[in-house]
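Grab a coffee and open the viewer: here are a few short exercises to work through, each followed by a step-by-step solution.

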Amino acid sequence: MKRNSPIIYVFYFLLISIPTSCSDTLIGDEGKLDEDTYLNYQTKTDLELPFEEEWYVFVGGRTHLSGGHHFITRGTGQRYAYDIAVVIDGSSFSDDSSKNENHYCFGKRINAPADGNVIALENNIDDNYVSGAVNSDINDSNLAGNYIIIDHLNGEYSMLAHFKKGTITVAVGDMVVKGQEVGKAGNSGNSTGPHLHYHLQNTPDYLNGIGLPAQFANYYEDDELIERGEPVRGQTVVKN
Amino acid sequence: MKIKLLLLISIFILLYTNGFSQTNTNPKNNNLEFSTGFNSGSLKNLEFAPVSRYDYDGLFYSLNYERKSRNENLFEVQVDYLTTELKSDAIPQLNTDYSKIGLGFSYLKQIFDKDVFSIHIGLQSQTTASLYRDNYYLVDQEFGIASRFTYQLNKKQYLTSKLTIPLVLMRLRGDFGLDAYLVNRYQGALWNLEYGYSISNHFGLRLSYDFKYNRLQIPNAFRELQHQVNLGINYKF
């Protein structure tokens with residue numbers, strides 16, 4: 001047994017020393033910026049809600065439960081995205097929900113949330129034929145369906161998505177002003193029902209970059225005036 | 001009452017194992033083991049949350065079956081389970097439940113055997129399902145190479161070190177489809193260090209340490225580091 005003692009000591013040494021070393025190096029620093037963004041980011045752009053009338057927040061908020069887009073499997077830029085639609089008497093549609101036209105928000109006016117330059121758009125993708133199912137030609141390259149990206153000229157970029165086919169009324173290179181109509185709500189791309197997808201990101205890339213919290217100014221949340229805030233799942237919001 | 005029952009069971013096991021150790025001298029080629037231990041880990045999954053580092057710890061459970069062939073080749077199957085909570089001091093609002101279920105297979109061929117030292121080398125398959133709260137899950141399938149070094153300290157004691165290097169990862173992300181990664185984007189290592197002690201011909205104890213590391217180099221960085229210390233009891237037959 002004596003001749004084995006050094007081996008056992010080496011075994012114990014390894015057992016104790018390995019767990020206590022190199023952990024920080026192996027995990028690395030990636031994500032510090034994401035963490036800082038989550039905790040401290042203040043939206044630079046003077047954003048207003050990009051629609052008229054009352055809309056209901058289906059996805060929005062900082063927790064996993066309220067912010068379904070936190071899981072940024074398809075596009076890193078949409079971490080703080082909102083999915084918003086019109087709800088009347090507790091429902092977003094009347095009669096047959098499979099028809100886009102029966103959804104209250106379908107065809108509603110969508111506005112520019114702030115001043116900026118339109119740098120990218122798509123206006124020619126069919127709305128999903130059956131609400132609740134995504135058309136077979138939708139893939140990773142056209143998830144957003146018909147969309148607009150607006151450069152706010154301060155390092156922030158707004159992306160509005162799932163417009164109704166052919167309704168976008170601006171062109172790449174156009175300067176838009178806050179509140180200007182840019183298209184109509186629809187159900188194109190990876191969308192299971194007519195709604196507006198909105199998010200703010202830090203690059204002009206399609207769905208990529210770091211997603212930024214979008215704080216809107218001057219709106220009512222369930223009849224309470226909010227000077228600056230982030231709508232959260234389950235709230236009904238309307239701009240003042 | 002419980003203590004008496006425990007005492008009776010212990011006496012029975014001891015008598016039973018002593019009985020076998022005196023009468024049965026055939027080599028045992030099958031080994032079934034149950035083990036449990038402490039897992040301490042760190043996780044970064046930017047796809048899941050904007051958190052640079054979650055830490056977690058908890059108990060895990062493992063069931064392992066090993067079969068040795070006439071040529072001393074080894075076939076192993078291992079099932080393990082861990083449930084814990086991911087915790088971040090930076091953003092506690094994003095703490096969440098975390099469970100992992102793993103199923104591993106390996107086949108190792110003996111390539112060296114001299115006196116008390118032997119080396120096996122072979123292939124390993126590892127399937128792991130990671131379940132987070134709030135409808136997010138990952139299923140990973142890894143294929144890699146494995147090597148095992150065994151040193152027999154004496155008739156009753158041995159030391160084993162097993163190193164597994166995955167070469168391919170296939171990852172299923174919730175409803176979002178399957179992606180495959182090779183070693184240029186996915187690096188991992190599993191190192192196991194084990195001390196075994198035979199109580200009898202049929203029963204043995206095992207103390208082991210596992211070091212697991214996985215790194216996926218994609219825009220949404222993924223890193224996971226685990227340390228496991230566990231104690232197992234095995235039955236040879």
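**Exercise 1.** In the hairpin of S5(A) and S6(A), find the residue that takes a positive phi, and say how many residues lie between the strands.

*Solution.* Keep in mind that this is a predicted model. Start at the link between the two strands: five residues lie between S5(A) and S6(A). Now look at the backbone angles there, and you will find Leu153(A) with a positive phi near 65°. Next, check how the strands run: S5(A) and S6(A) are antiparallel, joined by six bridges. For a landmark within this pairing, take Ile149(A), which stands opposite Met159(A) in S6(A).

**Exercise 2.** Move across to S9(A): how many bridges join S6(A) to S9(A), and do the two run parallel or antiparallel?

*Solution.* Count the bridges and you should reach five, with the strands running antiparallel. To fix the register in your view, find Tyr157(A), which stands opposite Gln201(A) in S9(A).

**Exercise 3.** Why can S6(A) be called largely enclosed by the rest of the structure?

*Solution.* The test for a buried residue is 20 or more other C-beta atoms within 10 Å of its own. Seven of the seven residues of S6(A) are buried, so the strand is largely enclosed by the rest of the structure.

**Exercise 4.** Which residues touch the most other members of the largest nonpolar core, and which strand gives the largest share?

*Solution.* The core has 44 residues, and those touching the most other members are Trp55(A), Ile84(A), Ile110(A), Tyr147(A), Ile148(A), Leu160(A) and Leu196(A). Among the elements that give two or more residues to this core are S1 (55–59), S5 (146–151) and S9 (196–201) of chain A. The largest share, five residues, comes from S6(A). Now zoom in on Tyr147(A): leaving out residues up to four places away in sequence, its partners include Leu121(A), Met159(A), Leu160(A) and Phe163(A).

**Exercise 5.** How many residues of chain A are in contact with chain B, and which elements of chain A give two or more residues to that side?

*Solution.* Begin with the counts: 32 residues of chain A are in contact with 35 residues of chain B. On the chain A side, helix H1 (5–20), helix H2 (23–27) and helix H3 (32–40) each give two or more residues. Sorted by class, this side has 14 nonpolar, 10 polar and eight charged residues.

**Exercise 6.** What is the order of elements in chain B, from the N terminus on?

*Solution.* Tally the elements, and you get one helix and 11 strands. Then trace the chain: the helix comes at the N-terminal end of the order, followed by the strands.

Definitions and conventions: Residues are numbered from 1 along each chain as its sequence is written. Chains are lettered from A and ligands numbered from 1 in the order in which they are written. This is a predicted model: local features need pLDDT of at least 70, side-chain atom pairs count only at pLDDT 80 or more; totals for chains, interfaces and linings use all residues. Helices (H or I, at least four residues) and strands (E, at least two) are DSSP runs, numbered from the N terminus. Two residues are in contact if their C-beta atoms, placed from the backbone, lie within 7 Å. Ala, Val, Leu, Ile, Met, Phe, Trp, Tyr, Cys and Pro count as nonpolar, Asp, Glu, Lys and Arg as charged, and the others, Gly among them, as polar. A nonpolar core is a set of buried Ala, Val, Leu, Ile, Met, Phe, Trp, Tyr and Cys residues joined through C-beta atoms within 7 Å. A residue is buried if 20 or more other C-beta atoms lie within 10 Å of its own, exposed if 12 or fewer, and partly exposed in between; C-beta atoms are placed from the backbone. Two strands pair if DSSP finds at least two bridges between them.
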